[in-house]
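Me: Can you walk me through this model? I'd like to start with the overall picture and then get into the details.

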Amino acid sequence: MIIDELKSQIGLALGFTPTNGQAEAIDTFCRFWTSRTPQPVMVLTGSAGTGKTSLAAALVKTLHHIKQRMILLAPTGRAAKVFSQNASLPAYTIHRKIYRQRSFGGNDMGFNLNDNLHHDTLFLVDEASMVANNAYGDTAHFGSGCLLDDLVHYVYSGDNCRLMLIGDKAQLPPVGEEESPALMPQFLQGYGLSVYHTNLDEVLRQAADSGILYNATVVRKMITHDQLTQLPLIRFARFADIVMVPGGELIEQLAGSYSEVGTDETIVVTRSNKRANIYNAGIRNMVLGREENLCSGDMLMVVKNNYYWTEKEKDSPLSFIANGDRAIVQRVRGVRSMYGFMFADVWLRFPDYNDHEMQVTALMDSLTSEAPSLTREQSERLFAAVLEDYQDLTLKAERMKALRNDAYFNALQIKFAYSVTCHKAQGGQWAHVYLDQGYMTDDMLTPDYIHWLYTAFTRATDKLFLVNWPKTQIEP
């Protein structure tokens, strides 16, 4: 009886008659939620336009109504903000919830897995396609270095806690992985979990008028059916939300978007950091009229995890400043050259963390670098130059401690965020998205490209602008 009542309440919260797939997903969720099997986990997958977001919001609303304990999580600050808005409840980044900073000793600057003190709690993770399970990049600072391993261990170490993973298998997998492990039932079974899985693949009728969703579905089907024999043809006819933009009209169109929805709701997505840099420079100079290297109002993206500046604050909503976090410049002071690099004191506002403000020393050289962040050679040069200032300290341990507490060595690495790569945009949504895929030929057609294109298309909520889109990729 309890399952029938729960189904009924979820249906009411959904607000419309569910599709067959949604009805099956509701049934699967009810079995998962009432399951007595040890360590149950649910995976809800679905592509754009299938009502996955609406269903997840209805589940959260229903569980909140019946006072079920819940924790809403997402891989990035932007994704957490979107999840929170859709579910009308607070959401947090996975890292902030499951890790705690180690006490400083020796040369350690990392985070340990936290203790799960929750009980009878459901942990819901949105954008789970981004949850990696490889020790890639800066992950060694966190727990075991494998995020999915740590997430599963954290959740099920709590008293009667369980996990629900929500995501889209057609999106880009985590860097360094061929598939998204958090959305693979067999992979999760390897943890000894009892997996409840449902997939939504029926596009809702109300999505039929959206050119974004229509074309995203066409692209997605090329993934699921392995139709990688030709470049996807995009349909523009009869759709108002997908627009071709010739290069000569780009400046005017971007200016219109900034005026209509604002810079925070407008993004240009490209395939490379080099191309993003070109766009960022052009937008600042020709659209926004900014001549200084860094100005008040500039939109930035952090390009390397930073653990130094948040530890100086009490009760910060950021446990650390993460690679991919966005910030808006409030003011810039004290631009100076030190150690062969340019630095500035910058006051930042973080829109994805309740507009939290923070003062940092920022490294200006990364703003226009074609590399994702400082290169290894640059990092080693900065390390050696700063360490030289502490050669008067006799013990190596004292010199390393001084280095760890040096503002220049820990300067925040940033880039402009008017244009970003698709990996940086993943997990976020913007009202207006401009997409530049660059030059494409048939021999460049790979599964990675199809995942990239699908992910880029589905970042747009209101309008998608395809820049210099080739005639060979337009449906007749």
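Me: How much of the protein is buried?
Reply: Buried residues account for 53% of the 476 residues in the protein, where buried means under 20% relative accessible area, exposed means over 50% and partly exposed lies in between, with a 1.4 Å probe and protein chains only. Please keep in mind that this is a predicted model, in which local features need pLDDT of at least 70 and side-chain atom pairs count only at pLDDT 80 or more, while totals for chains, interfaces and linings use all residues. Residues are numbered from 1 along each chain as its sequence is written, and side-chain values use heavy atoms, with hydrogens and water left out.

Me: ok, and how many helices and strands are there?
Reply: The protein has 14 helices and 18 strands, taken as DSSP runs (H or I of at least four residues for helices, E of at least two for strands) and numbered from the N terminus. Its radius of gyration is 23 Å, close to the 23 Å that the globule rule gives for 476 residues, so the protein is as compact as a globular protein of that length; the radius is taken over C-alpha atoms, and the rule is 2.2 Å times the number of residues to the power 0.38.

Me: Let's do sheets. What is the strand order in the open one?
Reply: The open sheet of 6 strands has the order E3-E2-E6-E7-E1-E8, with parallel pairing, and two strands count as paired if DSSP finds at least two bridges between them. Its edge strands are E3 (91–93) and E8 (194–200), each of which pairs on one side only. The twist averages 20° from one strand to the next, with axes being lines fitted to C-alpha atoms (for helices over the stretch in contact) and angles running from 0 to 180 degrees between N-to-C directions.

Me: Which helix lies across E8?
Reply: Helix H2 (residues 20–33) lies across E1 (40–46), E6 (121–125), E7 (162–167) and E8, and runs at about 165° to E8. Helix H6 (residues 147–156) lies across E1, E2, E6 and E7, at about 145° to E7.

Me: And the barrel, which strands make it up?
Reply: It is a closed barrel of 5 strands, running E11-E12-E13-E14-E15 with mixed pairing, and neighbouring strands of this sheet are turned by 50° against each other on average, direction ignored.

Me: Is E13 enclosed or open in there, and why?
Reply: Strand E13 is largely enclosed by the rest of the structure, because 8 of its 10 residues are buried. On one side, E12 (residues 326–338) and E13 (residues 341–350) pair in the antiparallel sense over 8 bridges, with Ile328 opposite Arg349 and Ser337 having Met342 as its bridge partner. E13 is also joined by 8 bridges to E14 (residues 356–363), again in an antiparallel arrangement, where Ala344 stands opposite Ala362.

Me: What do the turns look like, any positive phi?
Reply: The hairpin of E12 and E13 has 2 residues between the strands, and Tyr339 in that turn has a positive phi of about 60°. In the hairpin of E13 and E14, with 5 residues between the strands, Asn354 takes a positive phi near 55°.

Me: Switching topic: which residues have the most contacts inside the largest nonpolar core?
Reply: That core has 72 residues, and those with the most contacts inside it are Val269, Leu294, Leu348, Leu435, Phe457, Leu464 and Leu466; a nonpolar core is a set of buried Ala, Val, Leu, Ile, Met, Phe, Trp, Tyr and Cys residues joined through side-chain atoms within 4.5 Å. Helix H14 (residues 447–457) gives the most to this core, with 7 residues. Apart from it lies another core, of 31 residues, including Leu55, Leu72, Leu122 and Met164.

Me: Last one, how many salt bridges?
Reply: A search of the whole structure finds 14, each defined as a side-chain nitrogen of Lys or Arg within 4 Å of a carboxyl oxygen of Asp or Glu.

Me: What does the one between Arg78 and Asp264 tie together?
Reply: Arg78 lies in helix H4 (residues 77–87) and Asp264 in the loop between helix H9 (250–260) and strand E10 (266–270), so the pair ties together parts that are 186 residues apart in sequence. The N to O distance in this salt bridge is 3.6 Å. Arg78 counts as buried at 9% relative accessibility, whereas Asp264 is partly exposed at 22%.

Conventions:
Contact = heavy atoms within 4.5 Å.
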